[in-house]
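Colleague: I would like a close look at a single part of this chain, and then a walk outward from there to the rest. Please keep it plain.

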Amino acid sequence: MTNVIVVGGGPAGLSAALFTQKNGIETTVFDTDATWMHKAHLFNYPGIGSQDGSVYMDTLRNQVDNFGVERKQGEEVTNVESTDDGFTVTTDDGEYDADYVVLATGANRGLAESLGCDFDGDVVDVGVTMETSVEGAYATGAMGRTEEWQAVISAGDGAAAALNILSTEKGENYHDFDVPADADEVFGEMADEN
């Protein structure tokens with residue numbers, strides 16, 4: 001079964017995880033809870049009038065948990081290596097293999113550097129799909145941006161990475177688009193809660 005490992009549990013990482021898991025790709029997130037969102041208050045995120053960043057993170061974590069994402073809360077990734085079959089992610093607790101890896105570690109670009117991703121100055125060189133020079137590895141949010149550090153931009157970067165993975169797996173451009181009639185099937189009991 002195809003699987004994705006996401007390193008980082010902020011808006012970019014959890015957005016990527018939400019899209020991949022929701023669409024049938026087994027996804028694991030390693031989250032040390034070092035997101036800048038705990039210092040933020042959202043007034044500029046579409047659909048949210050005013051919300052504390054930590055409250056937003058609780059909502060987003062609940063959403064990915066309800067879709068079945070496996071979250072390794074507090075387990076820090078120390079290395080990511082490319083293999084013949086994808087990637088091996090290392091933590092103090094062990095090694096995990098994945099077909100794809102999404103790096104969402106904010107401005108900490110150390111894992112991208114050790115993986116051998118190309119850089120453009122100080123940032124990871126990515127295109128609109130967020131894929132790096134290492135096939136199957138994606139860098140999102142502040143990893144690929146010098147100063148444009150906004151939650152909504154990061155979430156969009158995570159979604160772009162996930163859609164590219166889904167398009168690759170499905171062999172055609174994939175769009176994660178739901179309509180109101182899908183709510184009961186997609187969300188089940190969550191439909192009334194969210």
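In which loop is Asp84 found?

Modeller: A caution before the details: this is a predicted model. Asp84 sits in the loop that links β6 and β7. The residue is exposed, because its relative accessible area is 83%, over the 50% cut-off for that label. Asp84 can also be placed against Asp99: the two are 15 residues apart in sequence, and their C-alpha atoms are 9.8 Å apart in space.

The two strands on either side of that loop belong to an open sheet of three strands. Its order is β6-β7-β8, and the pairing is antiparallel. The edge positions are taken by β6 (77–83) and β8 (94–98); each has a single partner strand, so one side of each is left without a neighbour in the sheet. On average, neighbouring strands here are turned by 20 degrees against each other, direction ignored. Strand β7 covers residues 86–91 and is joined to β8 by five bridges, the two running antiparallel. Within this part of the sheet, Phe87 stands opposite Ala98 of β8.

Moving outward, there is another open sheet, made of five strands in the order β5-β2-β1-β9-β12, with parallel pairing. Its edge strands are β5 (70–73) and β12 (137–139), each of which pairs on one side only. Neighbouring strands in this five-stranded sheet are turned by 15 degrees against each other on average, again with direction ignored. One of its pairings joins β1 (residues 3–7) to β9 (residues 100–103), in the parallel sense and over four bridges. In that pairing, Ile5 has Val101 of β9 as its bridge partner.

Helices lie against this sheet. Helix α4 (residues 151–170) packs on it and touches β1, β9 and β12; the direction of α4 makes about 170 degrees with that of β9. Helix α1 lies across β1, β2, β5 and β9, and runs at about 165 degrees to β2.

The loop after α1 gives a useful contrast with Asp84. Asn23 is found there, between α1 (11–22) and β2 (26–31). Asn23 counts as buried because its relative accessibility is 14%, and the cut-off for that label is under 20%. Leaving aside neighbours within four places in sequence, Asn23 is in contact with Leu166, Lys170, Tyr174 and Asp176. With Tyr174 there is a polar contact of 2.5 Å between the two side chains.

As for annotation, UniProt has an unreviewed entry that places the feature "domain: FAD-binding" at residues 2–35. In the model, that span is 35% helix and 32% strand, and its end C-alpha atoms lie 27 Å apart.

Finally, the chain as a whole. It has five helices and 12 strands. The radius of gyration is 16 Å, close to the 16 Å that the globule rule gives for 194 residues, so the chain is as compact as a globular protein of that length. Its C-alpha atoms fill a box of roughly 45 × 35 × 35 Å along the principal axes. Of the 194 residues, 44% are buried. Taking contacts between residues at least 6 apart in sequence, 54% join residues at least 24 apart.

How values were computed:
Residues numbered from 1 in each chain as written. Predicted model: local features only at pLDDT ≥ 70, side-chain atom pairs only at ≥ 80, totals over all residues. Heavy atoms only, no water. Buried < 20%, exposed > 50% of the residue type's maximum accessible area, 1.4 Å probe, protein only. Polar contact = N/O pair within 3.5 Å; in protein donor to acceptor, adjacent residues only side chain to side chain. Contact = heavy atoms within 4.5 Å. UniProt positions renumbered as here; feature names shortened; annotations may be inferred. Pairing = 2+ DSSP bridges. Axes fitted to C-alpha atoms, helices over the stretch in contact; angles between N-to-C directions. Rg over C-alpha atoms; globule rule 2.2 N^0.38 Å.
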